[in-house]
Amino acid sequence: MKLALEFAGGSQTLVKNQSRHEIELEDGKEWLMSDLLDWILQNLLVDCSTPDLLIKDGNVRPGILVLVNDTDWELLGNVDTVISEGDTVTFLSTLHGG
């Protein structure tokens, strides 16, 4: 299953400053956002010294807006949201230093 991950608002610094990632997940199973978060931890944040700035305790840290195809995941079921072929999942940090 192919999908796109987008990181913006500073969250891209956690994934080697790459804003968009085209990924392919194992077919033949239902993927939930909780599964995707685990995949991100194991594959994109593996070399990151501060992965908990994005994902903590199996969920997205407060201050990170998550969109699935431009819809807030809170309207879809948060970690229980089912993701599908061709989806775009965006992680947008709303926290900024100053």
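Two strands are taken as paired where DSSP finds at least two bridges between them. In this predicted model, β6 and β7 meet that criterion with 2 bridges and run antiparallel. The two strands form a hairpin with 2 residues between them, and Asn69 in the turn has a positive phi of about 50°. Within this pairing, Leu67 has Asp72 of β7 as its bridge partner.

The hairpin belongs to an open sheet of 5 strands, arranged in the order β2-β1-β9-β6-β7 with mixed pairing. The edges are formed by β2 (20-24) and β7 (71-72); each has a single partner strand, so one side of each lacks a neighbour in the sheet. Helix α1 packs on the sheet, where it touches β1, β2, β6 and β9, and its direction makes about 70° with that of β9. Strands in a sheet pair through backbone hydrogen bonds, in either a parallel or an antiparallel manner.

Strand β6 is also joined to β9, by 5 bridges, and this pair runs antiparallel. Along it, Val68 stands opposite Val89 of β9, while Leu67 has Thr90 as its bridge partner in β9. Leu67 thus has a bridge partner in β9, Thr90, and another in β7, Asp72. Of the 5 residues of β6, 4 are buried, so the strand is largely enclosed by the rest of the structure.

The largest nonpolar core comprises 28 residues, and those with the most contacts inside it are Leu5, Leu36, Ile40, Val89 and Phe91. At least two residues of this core come from each of β1 (2-8), α1 (33-43), β6 (64-68) and β9 (88-93). The largest contribution is that of α1, with 5 residues. Nonpolar side chains tend to be buried together in soluble globular proteins.

In α1, the buried residues are Met33, Leu36, Leu37, Trp39 and Ile40. These residues lie on the same side of α1, because they cover an arc of only 160° around the axis. Beyond residues up to four places away in sequence, Ile40 touches Leu5, Leu45, Leu54, Ile55 and Phe91. Leu5 and Phe91 are, like Ile40, among the residues with the most contacts inside the core.

On the sheet side of the core, Val89 is located in strand β9. Its relative accessibility is 0%, and Val89 therefore counts as buried. With residues up to four places away in sequence left out, Val89 touches Leu3, Ala4, Leu5, Glu6, Met33, Leu36, Val66, Leu67, Val68 and Ile83. Two of these contacts, Met33 and Leu36, are among the buried residues of α1. Val89 and Leu36 are 53 residues apart in sequence, and their C-alpha atoms are 9.7 Å apart in space.

A further buried position is found outside the strands. Thr81 lies in the loop between β7 and β8 (82-83). Its relative accessible area is 4%, under the 20% limit, so Thr81 is buried. The Thr81 side chain reaches the backbone nitrogen of Gly77 at 3.4 Å. Excluding residues up to four places away in sequence, Thr81 touches Trp31, Leu32, Met33, Val68, Trp73 and Leu76. Met33 and Val68, both touched by Thr81, are also in contact with Val89.

Note on methods
Residues are numbered from 1 along each chain as its sequence is written. This is a predicted model: local features need pLDDT of at least 70, side-chain atom pairs count only at pLDDT 80 or more; totals for chains, interfaces and linings use all residues. Side-chain values use heavy atoms; hydrogens and water are left out. A nonpolar core is a set of buried Ala, Val, Leu, Ile, Met, Phe, Trp, Tyr and Cys residues joined through side-chain atoms within 4.5 Å. Buried means under 20% relative accessible area, exposed over 50%, partly exposed in between (1.4 Å probe, protein chains only). Contact means heavy atoms within 4.5 Å. Axes are lines fitted to C-alpha atoms, for helices over the stretch in contact, and angles run from 0 to 180 degrees between N-to-C directions. A polar contact is a pair of N or O atoms within 3.5 Å; within protein, one must be able to donate a hydrogen and the other to accept it, and residues adjacent in sequence count only if both atoms are side-chain atoms. The arc is that of the directions from the helix axis to the C-beta atoms.
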